[in-house]
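Got the viewer open? Let's take a walk through this one, stop by stop, with something to select each time.

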Amino acid sequence: VGSVVVDMSMSLDGFVARLNDDVEQLHDWMFTGDTQMGARSASVLPGRESFKLSGTNAEVLDDYFGTTGAFVMGRRWFDIGERPWGDNPPFHVPVFVVTHRARARLTKGETTFTFVTDGIESALRQAKSAAAHKNVLVGGANVAQQLIKAGLLDEVQIHLVPILFGGGRRLFEDLGVQIDLQTVRVIEAPGVTHLRFRVARRGS
Ligand SMILES: NC(=O)c1ccc[n+]([C@@H]2O[C@H](COP(=O)([O-])OP(=O)(O)OC[C@H]3O[C@@H](n4cnc5c(N)ncnc54)[C@H](OP(=O)(O)O)[C@@H]3O)[C@@H](O)[C@H]2O)c1
């Protein structure tokens, strides 16, 4: 059985996007190196059409895609990403988009997007089933927070970027609950530190 993992790049002051939703600098580590990720396209944005990583960062992203069987994302992340991801989004597995706004299932390249309107737990259930023994990756701050609060999360992976945004969207915003974590691994890499934690205990 795989894990439910929140995985996001974060500024040192705790933001996963600027207030205008810009995440470009948080993702620089995926586009500053010589190693390509096979045929996996990243985006249609100039200079970001494919991943280009340094050795250690390539291993981390390879592990990210290799161990992930499905994604759960919030509708805002989808709406922001839809155009830049282009005709072949990088996920290559089923993606479940939590939303209040129904939309027909979408297939783009090797990725399917299923729009789930009956709640986050339903999205997670469908993603777990699609992922089989692999992990379910969760992204989008709002959706990730709901899963953390509901105690439905197994692991947190943060790609910590040495920049202070000074404002923006926080991942850990007033959770209202204490969560104890165990450090699973720390990988120091060019331009980023990859931190992985396991949820040890959820308080009340
Ligand atoms: N740093 C990183 O690695 C990283 C990765 C991914 C995304 N991001 C950034 O994170 C931001 C997106 O996060 P976000 O917190 O703004 O939004 P989000 O979690 O992506 O999406 C929130 C939206 O999802 C829908 N939703 C959430 N919970 C729901 C529920 N229980 N039932 C039905 N619909 C539900 C609602 O949309 P509707 O009501 O409109 O349907 C809600 O407004 C963007 O700026 C994105 O670029 C950063």
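Strands here are DSSP runs of E with at least two residues, and they are numbered from the N terminus. Keep in mind as you click around that this is a predicted model.

**Stop 1: His 159**

Start by selecting strand E10, residues 155-161, and pick out His 159 in that strand. Is His 159 buried or exposed? With a relative accessibility of 2%, His 159 counts as buried, the cut-off for that being under 20%. Now show the side chain of Asp 7: a polar contact of 2.7 Å joins it to the side chain of His 159. For the rest of the surroundings, leave out residues up to four places away in sequence, and His 159 touches Asp 7, Met 8, Ser 9, Met 10, Trp 29, Val 60, Val 192, Thr 193 and His 194.

**Stop 2: the ligand**

Next, select the ligand and the 23 residues around it. Which of them come nearest? Look for Asp 21, Arg 76, Thr 99, His 100 and Asn 142. Zoom in on His 100, where a polar side-chain atom sits 2.6 Å from a ligand oxygen. Then switch on the backbone: Trp 77 places a backbone N or O atom 3.0 Å from an oxygen atom of the ligand, and Val 143 has a backbone N or O atom 3.0 Å from a ligand oxygen too. On its own the ligand has 940 Å² of accessible area, and the protein covers 86% of that.

Colour the shell by residue type and you get ten nonpolar, eight polar and five charged residues. Colour by secondary structure instead, and you'll see that strand E1 (4-11), strand E2 (15-17), helix H2 (75-85) and helix H4 (141-149) each supply at least two residues of that shell.

**Stop 3: helix H2**

Stay with H2 and pick its buried residues: Arg 75, Phe 78, Gly 81, Pro 84 and Trp 85. In an α-helix, residues three or four places apart point the same way, because there are 3.6 residues a turn. What covers the buried residues of H2? The cover includes E5, E6, strand E7 (106-108) and strand E8 (111-116). Step just past the helix and click Gly 86, which follows H2 and has a positive phi, near 70 degrees.

**Stop 4: the aromatic rings**

Now show the aromatic side chains; the count is 13 aromatic pairs. Take Phe 51 and Phe 65, a tilted pair at 5.8 Å centre to centre with 55 degrees between the planes. Phe 51 is in strand E4 (residues 50-53) and Phe 65 in helix H1 (residues 55-66), so their pairing ties together parts 14 residues apart in sequence. Both of these rings' residues, Phe 51 and Phe 65, are buried.

Move on to Phe 71 and Phe 91, an edge-to-face pair: 4.8 Å between centres and 70 degrees between planes. Here strand E5 (residues 68-74) holds Phe 71, and the loop between H2 and strand E6 (94-98) holds Phe 91, so the pair ties together parts 20 residues apart in sequence. Phe 71 and Phe 91 are buried as well.

To see the wider group, select the cluster linked by ring pairs, which has Trp 77, Phe 78 and Trp 85 among its members, along with Phe 51, Phe 65, Phe 71 and Phe 91.

**Stop 5: Lys 128**

Finish in helix H3 (residues 120-131) at Lys 128. Its relative accessible area is 44%, so Lys 128 is partly exposed. Beyond its neighbours within four places in sequence, Lys 128 is in contact with Val 4 and Val 136. Last click: draw the C-alpha distance from Lys 128 to Gly 2, which comes to 8.0 Å although the two are 126 residues apart along the chain.

Conventions:
Residues numbered from 1 in each chain as written. Predicted model: local features only at pLDDT ≥ 70, side-chain atom pairs only at ≥ 80, totals over all residues. Heavy atoms only, no water. Near = heavy atom within 4 Å. Polar contact = N/O pair within 3.5 Å; in protein donor to acceptor, adjacent residues only side chain to side chain. Areas by Shrake-Rupley, 256 points an atom, 1.4 Å probe, with all protein chains shown as cover. Helix = DSSP H or I, 4+ residues; strand = E, 2+ residues; numbered from the N terminus. Nonpolar A, V, L, I, M, F, W, Y, C, P; charged D, E, K, R; others polar. Buried < 20%, exposed > 50% of the residue type's maximum accessible area, 1.4 Å probe, protein only. Contact = heavy atoms within 4.5 Å. Phe/Tyr/Trp six-rings, centres within 6.5 Å; stacked < 30°, edge-to-face > 60°.
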